[in-house]
Amino acid sequence: MGLNLSGKGQQSHRLVIFAAIFVLMTLLILYGSNNVNDALYAPFHLSSNYAVKTTDLKKWSGKEGYVPFHGNKSLNLRCQSCALVTSSSHVLGSRAGEEIDRAECVIRMNDAPTLGYETDVGNKTSLRVVAHSSVFRVVRKPSEFLQRPDSHPVIIFWGPPNKMGKEAKGTLYRLIQRVSMTYSNLSCFSITANKMRRFDSLFHRETGRDRQQSHSWLSTGWFTMVIAIEICDNIKIYGMVPPNHCGKSKTVTKKMPYHYYKPRGPDECVTYLQNEGGRRGNHHRFITEKQVFSRWAKQYNITFTHPKWF
């Protein structure tokens, strides 16, 4: 009987230990969950002690950085007022289409469509900035992006020089060249290798981070914003959220698709936070870029709407 009581006592002792370990692990998991935004948001954003080096983007720009895929066209687009329409689902329900189309120039990105979304994003396109990864999605819908008889849009394609450069003449280059030859109303340009390096240097100068060493990819938004500043006197941006929108100090209850035309796509804030905090592989630094954009807004007559900043 004594041995039996001793065995029960040891068993009870083990249960107490297991229960204590379980409670401790639960508390650690809850603590980690409550601070997940901190862990995601903190690793990359601008350092508080970084001395910002102001860049005059009006002088930084240069027409020599854009070369046509076909013919001898030059990029001479200049606009007093520009509407830069993002691909964010925040534009949905804005009913800003008519206002957007009244702008002298309307700038769009990648394969963001207008067909079916005219009420919110308008129908006019003056300039479209397209990443190398979006070329095929743009080309396979010529009626939406290429063959618009009522307009003469400019498309600027950006990407690695070994894929998009004139010297390389890779598959993408030849495809865009054929498109440019087929649709005479289009003016298609690529960004030169030298200017691509300047975009990298600009990121380093404005953030204090070397793009390659920090495993960062510049977003199409980064290229589009810089190009818009080059060609526009005033810019109104539709759908871009401020840098703190997905931060730890704000509770976002409503899930917003990353793209307005992909309602079942990834959530915007999840995408932003995962990219901002990613340490392995290459990632877009959306939040850091928007911190830079908020500074540029004060220099270059930039305003934000849907949502409104400041």
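Student: Which residue is the bridge partner of Val 129 in β5?

Tutor: That's Ile 156. Keep in mind that we're looking at a predicted model.

Student: What makes β4 and β5 count as paired strands?

Tutor: Pairing takes at least two bridges found by DSSP. Strand β4 (residues 127–131) and β5 are joined by five bridges and run parallel, so they pass the criterion of at least two.

Student: And what makes β5 and β6 a pair?

Tutor: Four bridges join β5 to β6, again with the strands parallel, and the cut-off is at least two, so this counts as pairing too. Phe 157 stands opposite Ser 190 in β6.

Student: Why is β5 called largely enclosed?

Tutor: Buried means under 20% relative accessible area. Five of the five residues of β5 are buried, so the rest of the structure largely encloses this strand.

Student: Which β5 residues point one way, and which the other way?

Tutor: Val 154, Ile 156 and Trp 158 go one way, Ile 155 and Phe 157 the other, and all are buried. That fits the general rule: side chains in a regular strand alternate between the two faces of the sheet.

Student: Where does β5 sit in the sheet order?

Tutor: Between β6 and β4: the open sheet of eight strands runs β1-β6-β5-β4-β3-β2-β8-β10, with mixed pairing.

Student: Why are β1 and β10 said to stand at the edges?

Tutor: β1 (66–68) and β10 (302–305) each have a single partner strand, so one side of each lacks a neighbour in the sheet. For β10, four bridges connect it in parallel to β8 (residues 232–238), with Ile 302 as the bridge partner of Ile 235.

Technical notes:
Residues numbered from 1 in each chain as written. Predicted model: local features only at pLDDT ≥ 70, side-chain atom pairs only at ≥ 80, totals over all residues. Heavy atoms only, no water. Buried < 20%, exposed > 50% of the residue type's maximum accessible area, 1.4 Å probe, protein only.
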